[in-house]
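User: Please walk me through this one slowly, since I am new to reading models.

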Amino acid sequence: MAGTQSDETNTLFSPYKMGKFSLSHRVVLAPMTRCRALNGIPRPALAEYYSQRSTPGGFLISEGTMISETAAGFPHVPGIYTEEQVEAWKKVVDAVHAKGSIIFCQLWHVGRASHQVYQPDGGAPISSTSKPISRRWRILMPDGTYGIYPEPQALKTSEIPELAEQYRRAALNAIRAGQIKH
């Protein structure tokens with residue numbers, strides 16, 4: 001790790017310079033799916049969750065956050081592709097910043113690890129392949145049961161730029177929500 005101290009004297013609780021961010025310690029909240037959104041919109045429970053885990057100079061990475069309406073693979077996961085979602089994330093970010101922490105948004109698209117129930121108009125999930133995930137694995141359905149992963153729709157080469165654009169827009173939305181100060 002880069003820093004002013006040698007690696008031999010650094011501890012988990014030593015400060016760390018991460019680009020332009022000065023962390024007071026090296027404990028990072030790793031991404032964990034919380035399933036506390038409604039229709040892709042972060043709810044107050046999400047702001048409370050991240051705020052409770054915030055420390056001065058701490059670093060948090062959000063749960064996987066959908067980049068588009070085709071990105072879902074779990075119930076109640078937040079998105080960052082609509083204005084309403086961005087506005088809701090601002091409340092989460094404000095709660096984290098109020099405690100002195102830094103939060104980054106983990107942009108997410110589950111690809112073939114989805115199901116028609118999560119897709120717009122019940123379409124097949126998109127992927128780099130048309131091969132489904134093994135039947136030995138199951139997907140959590142919105143009603144709490146488990147289903148079988150369906151055959152995904154392999155993206156055409158001409159469709160890949162749109163997916164890249166969705167990631168770009170989601171990143172800009174995360175910046176607007178205040179997750180990354182530039």
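**Salt bridges, strands and cores**

Analyst: Glu-162, Glu-165, Arg-168 and Arg-169 are joined to one another in a network of salt bridges, a salt bridge being a side-chain nitrogen of Lys or Arg within 4 Å of a carboxyl oxygen of Asp or Glu. Before we go on, please keep in mind that this is a predicted model, where local features need pLDDT of at least 70 and side-chain atom pairs pLDDT 80 or more, while totals for chains, interfaces and linings use all residues. Residues are numbered from 1 along each chain as its sequence is written, and side-chain values use heavy atoms, without hydrogens and water.

User: Ok, so which residue does Arg-168 form a salt bridge with?

Analyst: Arg-168 forms one with Glu-165, and their closest N and O atoms are 2.8 Å apart. The two are 3 residues apart in helix α3 (residues 160–176), so about one helical turn separates them; helices (H or I, at least four residues) and strands (E, at least two) are DSSP runs numbered from the N terminus.

User: And what about Arg-169, what does that one meet?

Analyst: Arg-169 also forms a salt bridge with Glu-165, with 3.4 Å between the closest N and O atoms, and because these two residues are 4 apart in helix α3, they too are separated by about one helical turn. In addition, the side chains of Arg-169 and Glu-162 meet in a salt bridge, at 3.2 Å from N to O.

User: How many salt bridges does the structure hold?

Analyst: The structure holds 5 salt bridges.

User: Why do Arg-168 and Glu-165 count as partly exposed?

Analyst: Arg-168 is partly exposed because its relative accessible area is 44%, and Glu-165 belongs in that class because its value is 23%. Buried means under 20% relative accessible area, exposed over 50%, and partly exposed in between (1.4 Å probe, protein chains only). Glu-162, at 38%, and Arg-169, at 37%, count as partly exposed as well.

User: Let's zoom out. How many helices and strands does the chain have?

Analyst: The chain has 3 helices and 11 strands, and if you read along the sequence you meet them in the pattern β-β-β-β-β-α-β-α-β-β-β-β-β-α. Along its principal axes the C-alpha trace spans about 50 × 35 × 35 Å, and of the 182 residues in the chain, 41% are buried.

User: How do strands β6 and β7 run, parallel or antiparallel?

Analyst: Strand β6 (residues 59–66) and strand β7 (residues 102–108) run parallel, joined by 6 bridges. Among the bridge partners, Leu-60 goes with Ile-103 of β7, and Met-66 goes with Trp-108 of β7.

User: What order do the strands of the open sheet follow?

Analyst: The open sheet is formed by 3 strands in the order β3-β6-β7, with parallel pairing, where two strands pair if DSSP finds at least two bridges between them. Its edge strands are β3 (28–29) and β7, each of which pairs on one side only.

User: New topic: which residues have the most contacts inside the largest nonpolar core?

Analyst: Those residues are Tyr-50, Leu-60, Ile-80, Trp-89, Val-92 and Ile-103, in a core of 30 residues. At least two residues of this core are supplied by each of α1 (44–52), β6, α2, β7 and α3, and α2 gives the largest share, 6 residues. Another core of 5 residues lies apart from it, including Tyr-16, Phe-21, Phe-59 and Ile-102. A nonpolar core is a set of buried Ala, Val, Leu, Ile, Met, Phe, Trp, Tyr and Cys residues joined through side-chain atoms within 4.5 Å.

User: Leu-60 and Ile-103 came up before, didn't they?

Analyst: They did, and it is worth linking the two answers: Leu-60 and Ile-103 are bridge partners, and they are also among the residues with the most contacts inside the largest core.

User: Last one, on the backbone: what is the phi of His-76?

Analyst: His-76 has a positive phi of about 65°, although it is not a glycine, and it sits in the loop between β6 and α2. With a relative accessible area of 41%, His-76 is partly exposed.

User: And where is Asp-121?

Analyst: Asp-121 is in the loop between β7 and β8 (126–127), and its phi is near 60°, which is again a positive value in a residue other than glycine. Asp-121 is exposed, because its relative accessible area is 85%.
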